Amino acid sequence: MKDLKYEKTLAAKEAVKYLSNGQIVGLGSGSSAYIAIAEIGELVKNGLAIKGVPTSEKTRELAESLNIPLLKIEDVDSIDITIDGADEFTADLQLIKGGGSFLLKEKVVASLSKQEIIITDSTKKVEFLGKFTVPIEVIPYSQNYVLAQITKLNGSGKIRLVDRKPLITEQGNVLIDGDFGLIQDPALLADQLTRIVGVVEHGLFIDIATTVIMGVDDTTETFTKP
């Protein structure tokens, strides 16, 4: 049986090799990213001079506990490199992210980044995106309208619940998990979702990742932008 945490750790150790002194580093959210942040904390402890930009409050708290110096997103014009995870990725580096509900901040940070390195275990590589649902962040006022528009796109949507109540994101929005089956054209779907009034952002990360490092058993495999 595969040790997925070990695979993520191998990928994280490989990813932090890209870091160097003086960089501004985007710090992702989720189980894979938190492993990478722990690795970065060790490097900082041993003298690496970087400043991090967190993608969630949980990330901020973890980074602070590891004494990683932080910057606010509004104080940076660009980010040298971001290390984050993904729910799914394809060989051409298209992603689904947002299973942890932080997709909006993650996409802002990714969009500011010169390099976006994704670390995963070996279960996350797929031929077509879509087995994992597409998280869609919407303002609460628009949720019923957005659900109806998802149906018009031949999909189905469910409001994500926590303790039988709608999950509220850090920005005060709700998440709809959209099921579109296997997605033949992720870029087209991303554009269609963006055009729906009330959608703040969605978890299709199109042409954003520059590198994916995947742990596989006792080694890693690296995919780069075609």
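Mentor: Welcome! Two strands pair here if DSSP finds at least two bridges between them. Helices (H or I, at least four residues) and strands (E, at least two) are DSSP runs, numbered from the N terminus. This is a predicted model in which local features need pLDDT of at least 70 and side-chain atom pairs count only at pLDDT 80 or more, while totals for chains, interfaces and linings use all residues. Residues are numbered from 1 along each chain as its sequence is written, and side-chain values use heavy atoms, with hydrogens and water left out.

Trainee: Thanks! What is the order of the open sheet of three strands?

Mentor: The pairing in this sheet is antiparallel. Strands E4 (88-89) and E13 (204-205) each have a single partner strand, so one side of each is left without a neighbour in the sheet. The order is therefore E4-E5-E13.

Trainee: In E13, which residue is the bridge partner of Ile96?

Mentor: Strand E5 (residues 95-96) pairs with E13 in the antiparallel sense, over two bridges. For Ile96, the bridge partner in E13 is Leu204.

Trainee: Which strands are the edge strands of the open sheet of four strands, E8-E11-E7-E12?

Mentor: That sheet also has antiparallel pairing. An edge strand here pairs on one side only, and the two that do so are E8 (156-159) and E12 (199-202).

Trainee: And by what angle are neighbouring strands of this sheet turned against each other on average?

Mentor: Axes are lines fitted to C-alpha atoms, for helices over the stretch in contact, and angles run from 0 to 180 degrees between N-to-C directions. For the strands of this sheet, direction is ignored, and the average is 30°.

Trainee: Which helix lies across E7, E8, E11 and E12?

Mentor: Contact means heavy atoms within 4.5 Å. Helix H6 (residues 186-194) packs on the sheet by touching E7 and E12, with its direction at about 160° to that of E12. The helix lying across E7, E8, E11 and E12, at about 155° to E8, is H5 (residues 143-152).

Trainee: Is Asn173 buried or exposed?

Mentor: Asn173 is found in the loop between strand E10 (165-166) and strand E11 (174-179). Buried means under 20% relative accessible area, exposed over 50%, and partly exposed in between (1.4 Å probe, protein chains only). Asn173 has 8% relative accessibility, so it counts as buried.

Trainee: Which side chain does Asn173 join through a polar contact of 2.9 Å?

Mentor: A polar contact is a pair of N or O atoms within 3.5 Å; within protein, one must be able to donate a hydrogen and the other to accept it, and residues adjacent in sequence count only if both atoms are side-chain atoms. Beyond four places away in sequence, the residues that Asn173 touches include Val138, Leu167 and Val200. The side chain at 2.9 Å belongs to Glu137.

Trainee: Which residue has its side chain joined to that of His202 by a polar contact of 3.0 Å?

Mentor: His202 sits in strand E12 and counts as buried, at 3% relative accessibility. A polar atom of its side chain also lies 3.2 Å from the backbone nitrogen of Leu204. The side-chain partner at 3.0 Å is Thr194.

Trainee: Last one: what is the radius of gyration of the protein chain?

Mentor: The chain holds six helices and 15 strands. The radius is taken over C-alpha atoms, and the globule rule is 2.2 Å times the number of residues to the power 0.38. For 226 residues the rule gives 17 Å, and the chain comes close to this, so it is as compact as a globular protein of that length, with a radius of gyration of 17 Å.
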